[in-house]
Amino acid sequence: MGSPFGLLFHPWAFILVAVAIVHFIRRRPDAYWLWIILIGGGLGALVYIAVEVIPDAGLLRQSFKVFPRRRRIRDLEAMILDNPSAGNYEELGDLYLEEANFARARKCYDKAISSRTDSIDPFYRRALTEVEMGDFAAAVPDLERVLAADGTYDFHQAMGLLAHAYANIGHPDRAEPLFKEATKISTSSQTYYNYARFLASQQRNAEARQWAQQILEKKRNMPRYLKRRERPWFRKANGLLRSLPA
């Protein structure tokens, strides 16, 4: 096969480089990888694929669930015509939530919830859709109901979301105590980021910078697979830090 440096100019090198660059754009790993790909050519791309692309296969497996999930959505939509039960609507809402089809998921949870609903799960999931759609006023009573039943729901994520909702409807006095409590017991990057944004909105830039920096500092001790999952929050934290005055 010759020297591995033959990959620098081998015809396959262009394909390897193309694959590596597409993955880099989609996943946004550390910037130095782009230089390794561009300068190293096929050899650099091969190293990148071995270190970054192949381990990502675990995350990519999630995408293969799209097809059975969509088939189940079609089945449930047909079933609901004959059996519009709360359970069927709730399952359909969960599937639409996984698809990031928040408007449809919300409608399903609306139909799943009735005066007899005693489970807090559909209220929490409806709140997730309301937050994603920017309807924070509607999310507040759902999240308040969840926390009244279970203050630790979803590993304290519900508490952080309620604080975020309060902040977005102009109740900083309610938001801050909840953020402080949530960040004492949760290491969720989402909660940290929302708290940092809240502090920035209050012109408390030094504190906002500290919380955004805490998200980035978590990278040091994270296993590689968790770093991949947290990349969107690392990007958001970096973006917030750049937007804050020095």
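These are my notebook entries on the nonpolar cores and salt bridges of this structure. I am working from a predicted model.

**Entry 1: the main core**

I started with the largest nonpolar core. I find 43 residues in it. Tyr 124, Leu 143, Val 146, Leu 162 and Ile 215 have the most contacts inside this core. Next I looked up which helices feed it. Helices H7 (121–132), H8 (136–149), H9 (157–168) and H10 (172–185) each supply at least two residues. So do H11 (189–201), H12 (205–217) and H13 (224–243). I noted the general background too: in soluble globular proteins, nonpolar side chains tend to be buried together.

**Entry 2: a second core**

Apart from the main core lies another one, of 12 residues. I listed some of its members, including Leu 76, Leu 97, Cys 108 and Tyr 109.

**Entry 3: around Ile 215**

What does Ile 215 touch, leaving out residues up to four places away in sequence? I find Ser 189, Tyr 192 and Tyr 193 among its contacts. Trp 233, Phe 234 and Ala 237 are on the list as well.

**Entry 4: salt bridges**

How many salt bridges does the structure hold? The count is 15. I looked up three pairs in detail.

My first pair is Asp 142 with Arg 126. Their side chains meet in a salt bridge, 2.8 Å from N to O. This pair links distant parts of the chain. Asp 142 sits in helix H8 and Arg 126 in helix H7, 16 residues apart. Are the partners buried or exposed? Asp 142 has 5% relative accessibility, so I log it as buried. Arg 126 has a relative accessible area of 14%, so Arg 126 is buried too.

My next pair is Glu 176 with Lys 180. Their side chains form a salt bridge at 3.7 Å, N to O. Both residues belong to helix H10. They are 4 residues apart, so about one helical turn separates them. Glu 176 is buried, with a relative accessible area of 17%. Lys 180 counts as partly exposed, at 42% relative accessibility.

My last pair is Glu 207 with Arg 204. The closest N and O atoms of this salt bridge are 2.9 Å apart. Glu 207 is partly exposed, with a relative accessible area of 31%. Arg 204 is also partly exposed, with 22%.

**Entry 5: a network**

Which residues are joined into one network by salt bridges that share partners? I wrote down Arg 106, Asp 110, Arg 126, Glu 130, Asp 135 and Asp 142. Asp 142 and Arg 126 are the pair I logged above at 2.8 Å.

Methods:
Residues are numbered from 1 along each chain as its sequence is written. This is a predicted model: local features need pLDDT of at least 70, side-chain atom pairs count only at pLDDT 80 or more; totals for chains, interfaces and linings use all residues. Side-chain values use heavy atoms; hydrogens and water are left out. A nonpolar core is a set of buried Ala, Val, Leu, Ile, Met, Phe, Trp, Tyr and Cys residues joined through side-chain atoms within 4.5 Å. Buried means under 20% relative accessible area, exposed over 50%, partly exposed in between (1.4 Å probe, protein chains only). Contact means heavy atoms within 4.5 Å. A salt bridge is a side-chain nitrogen of Lys or Arg within 4 Å of a carboxyl oxygen of Asp or Glu.
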